[in-house]
Amino acid sequence: LENMKRVFSILAMCLLAGCAGKADRAQGCAGKFLDAFLKNDFEVATQLCSDGFRPEFSCTIEDFRNLPQQVKEMVQQQCSALEYEILSVERVNKSDTFMVEYNIIRSETDTSAFRQQELVVSVLRVVDGKVDALNR
């Protein structure tokens, strides 16, 4: 009986470790995606997308690339003043799907009113270690 308790304890610990590992992987994927996106490194960001989400994301990137050069430069300059902060990583129904909630904040200290100002609260859906959706 004592051996059975020990076996169940070990199994429970393994299951918890597996869940934590997948959550860490989802958070890591979200962080790499957001880093690349805010740096306008769309090739890296696209590689972090699931096969199902990649076409939609690619269309968005293509729309950005078709903007006038002056507008693209303005967007890139604004993005360089932004950072993200991951708020939570929640598993969906014991699956390999995680909802990663994050803030986009202004990192530059132009004025005290804008310092660390929260600009956007959003969610990424990460499935099997790949970004599968934005804000859905």
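How many salt bridges does the structure hold? The structure holds five salt bridges. The model is predicted, and the sections below describe its charged pairs, its aromatic rings and a nonpolar patch on its surface.

## Salt bridge between helices α2 and α3

Glu 43 and Arg 65 are joined by a salt bridge whose closest N and O atoms lie 2.7 Å apart. This pair connects distant parts of the chain, since Glu 43 belongs to helix α2 (residues 42-47) and Arg 65 to helix α3, with their positions 22 residues apart.

Are the two partners buried, partly exposed or exposed? Glu 43 has a relative accessible area of 47%, which lies between the limits of 20% and 50% and therefore makes Glu 43 partly exposed. Arg 65 has a relative accessibility of 36%, so Arg 65 also counts as partly exposed.

## Other salt bridges

A salt bridge also forms between the side chains of Arg 54 and Asp 51, with an N to O distance of 3.0 Å. For Arg 54 the relative accessible area is 26%, and this residue is therefore partly exposed. Asp 51, in contrast, is exposed because its relative accessible area of 65% is over the 50% limit.

Elsewhere, a network of salt bridges links Lys 22, Arg 91 and Asp 96.

## Surroundings of Asp 132

Asp 132 is located in strand β4 (residues 130-134). Its salt-bridge partner is Arg 125, and the closest N and O atoms of this pair are 2.9 Å apart. Arg 125 is partly exposed, as its relative accessible area is 24%.

The side chain of Asp 132 is also joined to that of Ser 50 by a polar contact of 2.6 Å. When residues up to four places away in sequence are not counted, Asp 132 touches Ser 50, Phe 53, Arg 125, Val 126 and Val 127. Both polar partners, Arg 125 and Ser 50, are thus found among these contacts.

## Aromatic cluster

The structure holds six aromatic pairs. In one of them, the ring centres of Phe 33 and Phe 57 are 5.3 Å apart and the planes meet at 55°; the pair is classed as tilted because this angle falls between 30 and 60 degrees. Distant parts of the chain are linked by this pair: Phe 33 is in helix α1 (residues 2-38) and Phe 57 is in helix α3 (residues 54-65), 24 residues apart. Both Phe 33 and Phe 57 are buried.

Phe 57 also forms an aromatic pair with Phe 53. This second pair is tilted, with a centre to centre distance of 6.0 Å and an angle of 35° between the planes. Phe 53 and Phe 57 are both buried. Which residues make up the cluster linked by ring pairs? The cluster consists of Phe 33, Phe 37, Phe 42, Phe 53, Phe 57 and Phe 64. Phe 53 in this cluster is also one of the residues that Asp 132 touches.

## Nonpolar surface patch

Leu 67, Val 71 and Met 74 make a nonpolar surface patch of about 230 Å². Met 74 lies in helix α4 (residues 69-79). Its relative accessibility is 48%, so Met 74 counts as partly exposed. Why can Met 74 qualify for a patch? Membership requires over 30% relative accessible area, and Met 74 meets this condition because its value is 48%.

Methods
Residues are numbered from 1 along each chain as its sequence is written. This is a predicted model: local features need pLDDT of at least 70, side-chain atom pairs count only at pLDDT 80 or more; totals for chains, interfaces and linings use all residues. Side-chain values use heavy atoms; hydrogens and water are left out. Rings of Phe, Tyr and Trp (its six-membered ring) pair if their centres lie within 6.5 Å; planes under 30 degrees apart count as stacked, over 60 as edge-to-face and the rest as tilted. Helices (H or I, at least four residues) and strands (E, at least two) are DSSP runs, numbered from the N terminus. Buried means under 20% relative accessible area, exposed over 50%, partly exposed in between (1.4 Å probe, protein chains only). A salt bridge is a side-chain nitrogen of Lys or Arg within 4 Å of a carboxyl oxygen of Asp or Glu. A polar contact is a pair of N or O atoms within 3.5 Å; within protein, one must be able to donate a hydrogen and the other to accept it, and residues adjacent in sequence count only if both atoms are side-chain atoms. Contact means heavy atoms within 4.5 Å. Patches are made of residues with over 30% relative accessible area and no salt bridge: like charges are joined within 9 Å, nonpolar side chains (Val, Leu, Ile, Met, Phe, Trp, Tyr) within 5 Å. Accessible areas come from the Shrake-Rupley method with a 1.4 Å probe; for residues, only the protein chains shown count as cover.
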